[in-house]
Amino acid sequence: MNGTTQLTRDIEYLQLMCSSFPSIAAASTEIINLEAILNLPKGTEHFLADLHGADAAFKHVLKNASGNIRRKVTDIFQGRIRESKIRELCTLIYYPEQKIELIKASEGELDEWYQITIMRLVAVCRDVSSKYTRSKVRKSLPEEFAYIIEELLHERTDDNDKADYVSGIVNSIISTGRADDFIIAICHVIQRLAIDRLHILGDIYDRGSGAHIILDDLRKYHSWDIQWGNHDMLWMGACAGNNACICNVLRLSLRYANLATLEDGYGINLVPLATFAMETYKDDPCTEFIPKVLTGNEIDEKTKRLIAQMHKAISIIQFKKEAQIFKRRPEWQMEDRCLLDYIDYDRGVLKMDGKEYAMKSCLFPTIDPKDPCKLTEEENVLMEKLHHSFRVCEKLKKHCKMLLSHGCMYAIYNQNLLYHASIPLNADGSLKEVELFGGEKYKGKELMHNIGMMVRAAFESDTEKELRSFARDYFLYLWCGKNSPLFDKSKMATFERYFLTDTETYKEEKGYYFLLRDSEEVCDRILDAFGVKGKNRHIINGHVPVHASKGENPIKANGKLMVIDGGFSEAYHSTTGIAGYTLVYHSRGFELVQHEPFLNAEDAILRGTDIKSTTQLVEMTSHRMRVSDTDKGEELRMQINDLRQLLYCYRHGILMEMADYKLLHA
């Protein structure tokens with residue numbers, strides 16, 4: 001591009017800026033404002049992974065900002081008030097509506113409590129808002145109390161000239177009967193300002209019963225993103241109409257007796273499946289399919305028996321539907337996973353890899369040994385009904401739309417590369433090429449980008465028919481394919497765990513990423529491939545629970561990689577020994593927070609208990625990071641540069657200020 005063309009385009013762009021900054025004064029003011037913002041402390045980022053439907057723990061971690069609020073309250077009031085009062089104040093901030101009712105039932109001098117509490121909450125709010133501009137804080141305030149909160153944040157009782165003014169505001173809040181509403185409002189403001197942005201590294205769904213509740217909460221959250229996980233991909237695939245994904249979603253829900261998400265959350269009609277299962281498997285004990293019941297979800301034996309029947313029924317249909325896709329997509333090289341084809345139904349053995357394996361049971365009333373992967377007429381009718389339930393579910397569509405609009409396969413924020421599970425690698429640690437649609441092969445960043453586009457293609461009505469069909473099938477590959485960045489293992493041994501006695505067949509060999517991720521050189525290679533620069537760059541992901549009880553360290557590759565899946569869901573607690581990791585990245589560096597299991601919100605409210613956490617300082621900076629050190633800072637510097645060009649044009653007559661322009665053309 002020659003200089004004249006570039007100048008013309010620059011002028012055209014600057015002319016567009018004139019409408020927003022119509023004068024030298026307006027452009028100058030904005031430059032001053034943006035340069036001031038560059039010097040504010042960096043906002044706090046909050047990283048969570050593998051929530052797996054644990055909505056109560058998720059809500060609590062959001063409310064307490066992984067202990068960030070407790071640390072701030074302690075810093076402000078330690079030595080000034082008792083530990084019990086600090087704990088009470090924190091609980092009030094987390095659960096203001098419920099805690100106020102308890103206080104009102106036991107507090108004799110309520111007006112005095114209101115006065116003291118409001119001033120303490122203002123002090124906490126002042127602290128968490130200190131790293132933001134007044135404009136940003138103002139946008140976070142509830143409309144009915146915005147003026148009052150703003151006044152209290154910027155006036156102090158230790159200023160003699162303003163002490164009576166501040167006291168007057170607080171007394172008026174109490175005397176007009178608005179103290180409860182005000183306290184609730186300011187507590188929610190503190191929760192919001194404690195975290196500037198939330199990053200979720202995948203797997204909102206499955207195991208626990210509250211995935212839909214988590215997504216409803218996220219819909220109202222001020223700033224968040226998600227890097228899709230393999231369990232999210234199952235539900236997105238089910239929403240897109242992939243029948244194998246629908247079966248997997250149902251199977252996993254039944255495995256953990258988690259029907260609340262399906263029935264209460266999304267209104268999926270399970271009556272046809274229950275009716276079919278009771279009739280088809282009435283004489284089958286379905287021993288291998290007895291559900292794993294999580295705490296608080298206890299069920300009677302009759303219900304457990306029914307769920308086991310439903311569990312087996314949908315599992316058999318799943319194996320059939322998966323096999324149909326594997327045979328339709330031979331390029332995936334997954335036809336060896338069509339295990340129903342390798343059963344000797346007369347002898348009750350499975351022939352695999354040249355060996356015979358005894359089966360726990362061989363009761364398959366819906367399987368024709370001559371064509372094992374063909375659905376019976378009844379199974380086809382059932383599948384049509386289930387398919388319809390998922391496809392017409394408006395709430396599931398809404399949640400999938402949220403996942404699409406807020407997420408993708410990876411993200412880069414402030415020199416941190418985020419993804420759920422892995423980047424496919426070769427044995428030597430080099431990036432592995434993986435084939436997608438039409439024989440095209442990609443690796444690294446291009447692979448993750450094109451998978452993201454493939455996922456979106458499944459939902460877009462104008463996608464070419466053949467591509468859309470492939471994209472819909474591809475959800476299954478992302479769930480269990482050997483080279484899927486969301487799985488990256490030799491196989492998913494679901495069938496083997498249900499039906500084979502030899503536990504050696506259960507082994508799923510991990511991909512090279514998981515074998516090599518402790519290498520700093522390999523992590524640097526991945527970071528280079530994604531264009532992540534800087535001295536303090538990192539990879540952050542989840543997916544594989546960290547066995548903290550066995551001494552596994554979540555910080556790998558000399559600090560280049562942080563794995564923050566410590567088992568958020570109760571289903572993992574016995575394996576990991578903890579209840580998950582969260583990562584906090586504030587202006588002074590990284591803090592990795594290791595949590596113990598969360599009991600329940602009621603216990604936290606009544607007794608002031610919190611999630612017990614251990615904080616590990618991962619990496620602290622020598623100086624307090626500013627907005628200028630972040631991606632946002634780079635954007636602001638570009639805006640400042642554009643504004644300086646606009647000023648130059650105004651001052652040298654290349655462009656006219658709006659007032660002069662209007663006067664000239666009057």
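**Exercises on a predicted model**

Three strands of this predicted model form an open sheet in the order β4-β5-β6, with antiparallel pairing.

**Exercise 1.** Determine which strands stand at the edges of this sheet, and why one side of each is left without a neighbour.

*Solution.* Begin with the order, which is β4-β5-β6. The strands at the edges are β4 (343-344) and β6 (355-358), and each has a single partner strand, so one side of each is left without a neighbour in the sheet. Turn next to the pairing of β5, residues 349-352, with β6: the two strands run antiparallel and are joined by four bridges. Within this pairing, Val349 stands opposite Ala358 in β6.

**Exercise 2.** Work out whether the radius of gyration of the chain agrees with that of a compact globule.

*Solution.* First take the expectation: for 666 residues, a compact globule would have a radius of gyration near 26 Å. Then compare the chain, whose value is 29 Å, which agrees. For the extents, the C-alpha trace spans about 95 × 80 × 50 Å along its principal axes.

**Exercise 3.** Describe the burial, the contacts and the exposed surface of the chain.

*Solution.* Start with burial, taking buried to mean under 20% relative accessible area: 55% of the 666 residues fall in this class. Continue with the contacts between residues at least 6 apart in sequence, of which 71% join residues at least 24 apart. Finally, consider the surface: the chain exposes about 30100 Å², and carbon and sulfur atoms supply 48% of that area.

How values were computed: Residues numbered from 1 in each chain as written. Predicted model: local features only at pLDDT ≥ 70, side-chain atom pairs only at ≥ 80, totals over all residues. Heavy atoms only, no water. Rg over C-alpha atoms; globule rule 2.2 N^0.38 Å. Buried < 20%, exposed > 50% of the residue type's maximum accessible area, 1.4 Å probe, protein only. Contact = heavy atoms within 4.5 Å. Areas by Shrake-Rupley, 256 points an atom, 1.4 Å probe, with all protein chains shown as cover. Pairing = 2+ DSSP bridges.
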